[in-house]
Amino acid sequence: MRTCYCFPFLIWTCMFHMVHMTPLPKRTTKYLQNGRILGLAQSDGKTLHRTKRGWMWNQFFLLEEYTGPDTQYVGKLHTDQDKGDGNLKYILTGDGAGSLFIIDENTGDIHAAKKLDREEKSLYVLRAKAIDRKTGRQVEPESEFIIKIHDINDNEPKFTKDMYIASVPEMSGVGTSVIQVTATDADDANYGNSAKVVYSILQGQPYFSVDPETGIIKTALPDMSRENREQYQVVIQAKDMGGQMGGLSGTTLVNITLTDVNDNPPRFPQSTYQFSSPESAPLGTPLGRIKANDLDVGENAEIEYSISNGDGSDMFDIITDKDTQEGIITIKKQLDFENKMLYSLRVEAANTHPDPRFFHLGPFKDTALVKVFVEDIDEPPVFSRSSYIIEVDEDAKEGTIIGQVAAQDPDATKNAIKYSVDRHTDLDRIFNIHSGNGSLFISKTLDREETPWHNITVIATEINNPKQSSQIPIFIKILDINDHAPEFAKYYETFVCENAKAGQLVQTVSAVDKDEPPRGHKFFFELVPEFAVHPNFSVVDNKDNTAGILTRRNGYSRSKMSTYFLPIIIFDNDYPIQSSTGTLTIRVCACDNRGNMQSCNTEALLLSAGLSTGALIAILLCIIILLVLVVLFAALKRQRKKEPLIISKDDVRDNIVTYNDEGGGEEDTQAFDIGTLRNPEAREESKIRRDVIPETIFQIRRTAPLWENIDVQDFIQRRLKENDLDPTAPPYDSLATYAYEGNDSIANSLSSLESLTMDGNQDYDYLSDWGPRFKKLADMYGGDDSDRD
């Protein structure tokens, strides 16, 4: 390589001398110093003259990536003003001046200080000038020159991606485009073949190929199958220098996947499948799963299952599980072991998305045989019908058989059956059933008008296995009989005008009947036999279940008869004939000339006597005022007769009487006789009250003697009652106290009132043994002289 670089160096040197000796035709430079500018300024109009050239260069060339021991020589700057005495100084400015390019300021020699890379920068623009060292003035104007970096093949081709991912459908033809790869070379494409890239395949043959110029990868083998191999790794090389020896190269990896197409039909792994099911399995129960294998994937492997033929095609169904692509066989109709024990089905599996391009490979479906065995189990009884409808007359007697149900055991054992009524559906126990033969009979009377339908449930149970039972609904319709008489449809408020004429229609009546005869209702109306010829009204049957009430005379008077009662008999036409009597009340009213009712009450009669409404109101007000005056007078008279109990200044009801007399103690027997309280049998004596001075002495009323052993509560209640009724009782604010203790107390009296009646002194020495709490009492009563003290 050094030889290669020396040769251009010599060329640059020769070129420099050529530039120095021969003027360049395209570049001119004006001199700024006086006496050396031979041209004219741009503002004057004189003829232009050729200017003598001062600088001796145009452009320089330099190789990149120089690796020599010395700095690379670029060229030399020189001006004809340089006399070689060292008075001039060369200065270099511009791209890389001072760092990449250095100049000898005395000689003008330029060197490259560093290794240059064309891929980083291919062109450098610099400016040079020469100045006088003494004066610092330019001897030549600043001039610009270019240094171009010549390219060498130092960059290998690089792909835009480190790894490519591509796909192509399987079974594609030869030459099917897969993907295009691209490599770039950083070298100069305009200089030699350093950037000319050629593609080749290093790995992936013979399945794929690559176009050497475009980099397009194509299939190289026909009918490649994804099921055989799905993934391929292809290595592509890009080489510069047009692929010649010595060129640089780069590689990339391409992962190619064969995508699936529907080129494989589904196939059952076995030709026959067997399943079993109990005969009691409910509808929709899955019996099992079958699956046809498809080598394809995705929607190309989606399968639809169906039953094509077989003796069980109407008994079973098959559905497709979209997640697992399995066929699920289910029960479509109820199975019966006694009827059929084995079913055969032909099941078909077909692709849902076939590809017409591959129909030549064969039908994209497959079939398999499925056998289903029915297992026998103990089944509940089966009724001969799904439901029963029974009709019965509502006048049927108790015990009448109204119908019969039948059930049998479907199993081969034919177990005996017993019947019963579900009492939850017959809470009133109107019906019953014979447990042996299933005959239904009536237990209570029926009434169609109350309940026209009865819905009950009958249960059939195997005697040997009570767990096996079944139910059936029984709908019982109660047939109507004519057991209700017709009656008026509503209550009629009928009136007749006083000025009515004979033959005038007063009222139209109709009737209703609770019965429902099959031919419809038909009613007849007539007067009761006692009033067959009524002098005032007549009944006319309209033959449409209505009747008209007509007047038989002219004019009616309220003063003579204000109300008429007309009894009417209503018949029906069913068997047996039912009838009822309804009484029509007809009032006599005052009407205008058009027959409009004005009034039917008593007030109208009063008005006709000459009294107006205002007069009646005035009479009522006078009566009310008189009653009020009588009540007030009676109240005042009663208040005058009432006198107070005490009319005195010393009325004790509003005064407080104070007694400071303490009393004489137990020996004072004159203040109050307490013996009366102690002995209920004691009779009261006439004593004058000592607490007040009565103005008038009343006769003391003696009370009845108390019975022996009277209760305290009864004693006090009697005393209170006597005081309430006694006019000589104390005033209102006095308090009567009864301190009655009663008889026959086990503990005797604890009072000291009777202590004087005891014969001797009591011994209280035992109080000293009771502890410190009773010490005070022991000191008071325990001493010998305590009583005397």
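Strand β33 (residues 487–488) pairs with strand β35 (residues 505–512) in the antiparallel sense, and two bridges join them. The model described in this report is a predicted one.

## The sheet around β35

Both residues of this pairing can be followed from one strand to the other. E487 stands opposite V512 in β35, and the bridge partner of F488 in β35 is A511. Strand β35 also pairs with strand β38 (residues 546–551), again in the antiparallel sense, over five bridges. Within this second pairing, S510 has T546 in β38 as its bridge partner.

These strands belong to an open sheet of four strands with the order β33-β35-β38-β37, and the pairing is antiparallel. The edges are held by β33 and β37 (537–541); each of them has a single partner strand, so one side of each is left without a neighbour in the sheet.

## A sheet with mixed pairing

A further open sheet is built from four strands in the order β25-β32-β31-β28, and its pairing is mixed. Why is one side of β25 and of β28 left without a neighbour in the sheet? Strands β25 (388–393) and β28 stand at the edges and each has a single partner strand, so one side of each lacks a neighbour. On average, neighbouring strands of this sheet are turned by 30° against each other, with direction ignored.

At one edge, β28 pairs with strand β31 (residues 453–462) in the antiparallel sense over five bridges. In this pairing K418 is placed opposite T461 in β31.

In a regular strand, the side chains alternate between the two faces of the sheet.

## The pairings of β22

Strand β22 (residues 342–351) takes part in two antiparallel pairings. With strand β19 (residues 303–309) it forms six bridges in the antiparallel sense, and with strand β23 (residues 365–375) it forms nine bridges, also in the antiparallel sense. The bridge partner of Y305 in β22 is A349, while V347 of the other pairing stands opposite A368 in β23.

## Loops with particular backbone geometry

Several loops contain a cis peptide bond or a positive phi. The table lists these features with their angles.

| Residue or bond | Feature | Angle |
|---|---|---|
| Q205 to P206 | cis peptide bond | omega about 5° |
| Y575 to P576 | cis peptide bond | omega near -10° |
| D223 | positive phi, not a glycine | phi near 55° |
| R429 | positive phi, not a glycine | phi about 55° |

Where do these residues lie along the chain? P206 is in the loop between β12 (198–203) and β13 (208–210). P576 is found in the loop between β39 (563–572) and β40 (579–591). D223 belongs to the loop between β14 (216–219) and β15 (231–239). The place of R429 is the loop between β28 and β29.

## A negative surface patch

Which residues form the negative surface patch? It is made of D393, D395, D428, D447, E450 and D483. One of these residues, D428, is placed in the loop between β28 (417–421) and β29 (431–433). That loop also holds R429, the residue with a positive phi of about 55°. The strand before this loop, β28, is in turn an edge strand of the sheet with mixed pairing.

Key
Residues numbered from 1 in each chain as written. Predicted model: local features only at pLDDT ≥ 70, side-chain atom pairs only at ≥ 80, totals over all residues. Heavy atoms only, no water. Patch = residues over 30% accessible without salt bridge, like charges linked within 9 Å, V, L, I, M, F, W, Y side chains within 5 Å. Areas by Shrake-Rupley, 256 points an atom, 1.4 Å probe, with all protein chains shown as cover. Salt bridge = Lys/Arg side-chain N within 4 Å of Asp/Glu carboxyl O. Lys, Arg positive; Asp, Glu negative; His and termini not counted. Charge placed at Lys NZ, Arg CZ, Asp CG, Glu CD. Pairing = 2+ DSSP bridges. Axes fitted to C-alpha atoms, helices over the stretch in contact; angles between N-to-C directions.
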